[in-house]
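Trainee: Please take me through one part of this model closely, and show me how its surroundings fit together. I'd like the cut-offs behind each term as you go.

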Amino acid sequence: MGRLVITHSTYLEGLIPLLKRLAQHPAIDTITPAVIARVKGRAPELRLRVSTPITGGWKLLARRGSSAQEVFVVTSLQAEELETALETLRRGGDPGLRHHR
């Protein structure tokens, strides 16, 4: 089970409960929400997608409304496996119950 880094920063609405559930996955080490920015377009509901690789994991992009927030995930999961865990979360499932390679 991973660790979710909570700072005094602000977060997109609904992001922290989702990340707490993602942190239950056995292959997740650390999740760190980062900078929020205004973006063009609107995402009516909270969405998370894998963006780019980082050392030891992946950068995710969370979108809601006209805001986007970077989320750094330290994990041994491949991008496709992390996408599957995110899709499981979106459907209301438990990503910690899925086994990774």
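Mentor: Let's start at Leu60, which sits in strand β3, residues 57–75. Strands here are DSSP runs of E with at least two residues, helices are runs of H or I with at least four, and both are numbered from the N terminus. This is a predicted model, so local features need pLDDT of at least 70 and side-chain atom pairs count only at pLDDT 80 or more, while totals for chains, interfaces and linings use all residues. Residues are numbered from 1 along each chain as its sequence is written, and side-chain values use heavy atoms, with hydrogens and water left out.

Leu60 has a relative accessible area of 0%, so it counts as buried. The scale calls a residue buried under 20% relative accessible area, exposed over 50% and partly exposed in between, using a 1.4 Å probe and protein chains only. What surrounds Leu60, once its neighbours within four places in sequence are set aside? It is in contact with Leu22, Leu48, Arg49, Val50, Ser51, Gln69, Glu70, Val71, Val73, Leu82 and Leu86, where contact means heavy atoms within 4.5 Å. Phe72 is twelve residues from Leu60 along the chain, and their C-alpha atoms are separated by 6.1 Å.

Among those partners, Leu22, Leu82 and Leu86 lead us to a pair of helices. Leu22 belongs to the group Leu18, Arg21 and Leu22 in α1, which meets Leu82, Ala85, Leu86 and Leu89 in α2. By class, that contact has six nonpolar residues, no polar ones and one charged. For the classes, Ala, Val, Leu, Ile, Met, Phe, Trp, Tyr, Cys and Pro count as nonpolar, Asp, Glu, Lys and Arg as charged, and the others, Gly among them, as polar.

As for the geometry, α1 spans residues 15–22 and α2 residues 79–90; their axes come within 10 Å and cross at roughly 125°. That makes α1 oblique to α2. Axes are lines fitted to C-alpha atoms, for helices over the stretch in contact, and angles run from 0 to 180 degrees between N-to-C directions. Angles under 35 degrees count as roughly parallel, over 145 as roughly antiparallel, 65 to 115 as roughly perpendicular, and the rest as oblique. The crossing of α1 and α2 is right-handed: the near helix is turned clockwise from the far one by less than a right angle, whereas anticlockwise would be left-handed.

Back to the contact list, Glu70 is worth a second look. Glu70 and Lys59 meet through their side chains in a salt bridge, 3.4 Å from N to O. A salt bridge is a side-chain nitrogen of Lys or Arg within 4 Å of a carboxyl oxygen of Asp or Glu. Side chains of opposite charge can pair when their charged atoms come close. Lys59 counts as buried because its relative accessibility is 19%, while Glu70, at 22%, counts as partly exposed.

The structure holds three salt bridges, and Glu87 takes part in a network of them with Arg90 and Arg91. In the bridge between Arg90 and Glu87, the closest N and O atoms are 2.7 Å apart. These two residues both lie in α2, three residues apart, about one turn of the helix. Arg91 also bridges to Glu87, with its closest N and O atoms 3.1 Å apart. Glu87 is partly exposed at 27% relative accessibility, and Arg91 is exposed at 67%.

Leading up to α2, Leu77 lies in the loop between β3 and α2 and is buried, with a relative accessible area of 3%. Trp58 is 19 residues from Leu77 along the chain, and their C-alpha atoms are separated by 8.9 Å.

Finally, Phe72 and Val73 are also among the residues touched by Thr30, not counting residues up to four places away in sequence. Thr30 is in strand β2, residues 28–54, and at 17% relative accessibility it counts as buried. Lys40 is in β2 too, but it is exposed, with a relative accessible area of 81%.
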